[in-house]
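Work through the exercises below with the model open. Each task is followed by a stepwise solution.

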Amino acid sequence: MAATRDRRVTRIRSAGRGPEPVPMDPGAEFARWKAQRLRRADLSRKGSVDEDVVEVVRLLNSRDQFVTTSSCAGRVLLLDGGINGFQVQKQNCCWLLVTHKPCVKDDVMIALKKAKGDAIFKFEPLVLHVQCRQLEDAQILHSVAIDSGFRNSGITVGKRGKTMLAVRSTHGLEVPLSHKGNLMVTEEYIDFLLKIANQKMEENRKRIGRFYNSLQHALEKETITDSHPKVKEKYKSSYPKRKKPEKTHGKCVPEESDEKVENDNDDDPEINSTIFPEDY
């Protein structure tokens with residue numbers, strides 16, 4: 001009798017809960033996020049996508065499984081930060097100069113005259129953030145980024161299910177030029193610095209071109225494999241095999257230094273995992 005009574009109570013309690021919520025289809029949820037993102041105004045300082053990366057952005061947004069959330073094709077900056085050190089935060093400093101094209105000395109010298117604190121000269125390579133429908137889509141993009149030279153790229157998966165890819169590299173430059181408004185280097189050194197920065201700008205542009213071409217090829221192959229399951233099984237692989245580090249006199253020589261991957265997580269602040277390839 002006791003067992004029968006317990007079963008009745010269980011049925012009554014279950015009936016009082018109401019219908020279980022039906023989870024939203026992940027594809028439909030991503031489509032909703034994408035539509036919301038594309039409707040947003042461009043709130044960057046420039047107010048538009050940079051010329052050197054606009055074709056990449058268009059290609060990604062034309063595919064159902066991707067939506068770009070932020071991008072910068074690469075730029076040269078001269079920032080006037082505070083006078084209490086060289087740790088410059090962009091929101092608390094004055095932008096004396098910014099260009100997405102090769103920089104000339106006259107522009108830098110004119111901008112330096114406006115500096116009142118610690119002026120920092122920077123070259124920043126491409127930064128591209130892409131929200132992906134699922135992890136497999138992000139892995140395709142990540143492989144393309146790594147192969148194109150953007151070896152600081154990474155994938156983050158948020159607790160709300162958002163999968164983000166950050167395309168980045170360590171191909172940057174940051175040099176202090178003045179302190180409390182006083183120039184600390186010679187004009188000859190600035191000439192040398194600009195030569196290096198412009199070379200990095202050109203290399204960055206070439207990497208963007210490789211990324212675009214490789215992305216086209218990868219997406220075309222994905223379309224073919226999706227249409228032919230047998231072919232898809234043949235190409236079912238994500239990252240290349242791990243390579244052993246080179247050794248010099250018993251010491252390992254790393255290929256590139258690591259940097260923290262910037263995440264565009266304004267809609268999903270709680271990021272719980274980061275994924276890198278095996279041979280990173």
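**Exercise 1: strand E6 and its hairpin**

Strand E6 (residues 154-158) has 4 of its 5 residues buried, so the rest of the structure largely encloses it. Buried means under 20% relative accessible area, exposed over 50%, and partly exposed in between (1.4 Å probe, protein chains only). Strands (E, at least two residues) are DSSP runs, numbered from the N terminus.

The model is predicted: local features need pLDDT of at least 70, side-chain atom pairs count only at pLDDT 80 or more, and totals for chains, interfaces and linings use all residues. Residues are numbered from 1 along each chain as its sequence is written, and side-chain values use heavy atoms, with hydrogens and water left out.

Task: find which strand E6 pairs with, and in which sense.

Step 1. Two strands pair if DSSP finds at least two bridges between them. E6 has 4 bridges to strand E7 (residues 163-167), in the antiparallel sense.

Step 2. Within this pair, Met 164 of E7 stands opposite Thr 156.

Step 3. The hairpin of E6 and E7 has 4 residues between the strands, and Gly 161 in this hairpin takes a positive phi near 95°.

**Exercise 2: strand E4**

Task: state how many residues of E4 are buried, then assign its side chains and its partners.

Step 1. In E4 (residues 118-124), 7 of 7 residues are buried.

Step 2. In a regular strand the side chains alternate between the two faces of the sheet. Asp 118, Ile 120, Lys 122 and Glu 124 point one way from E4, while Ala 119, Phe 121 and Phe 123 point the other way.

Step 3. Strand E2 (residues 75-81) runs antiparallel to E4 and is joined to it by 7 bridges; Gly 81 is opposite Asp 118.

Step 4. Strand E8 (residues 173-176) also pairs with E4 in the antiparallel sense, over 4 bridges, and Leu 173 in E8 is the bridge partner of Phe 123.
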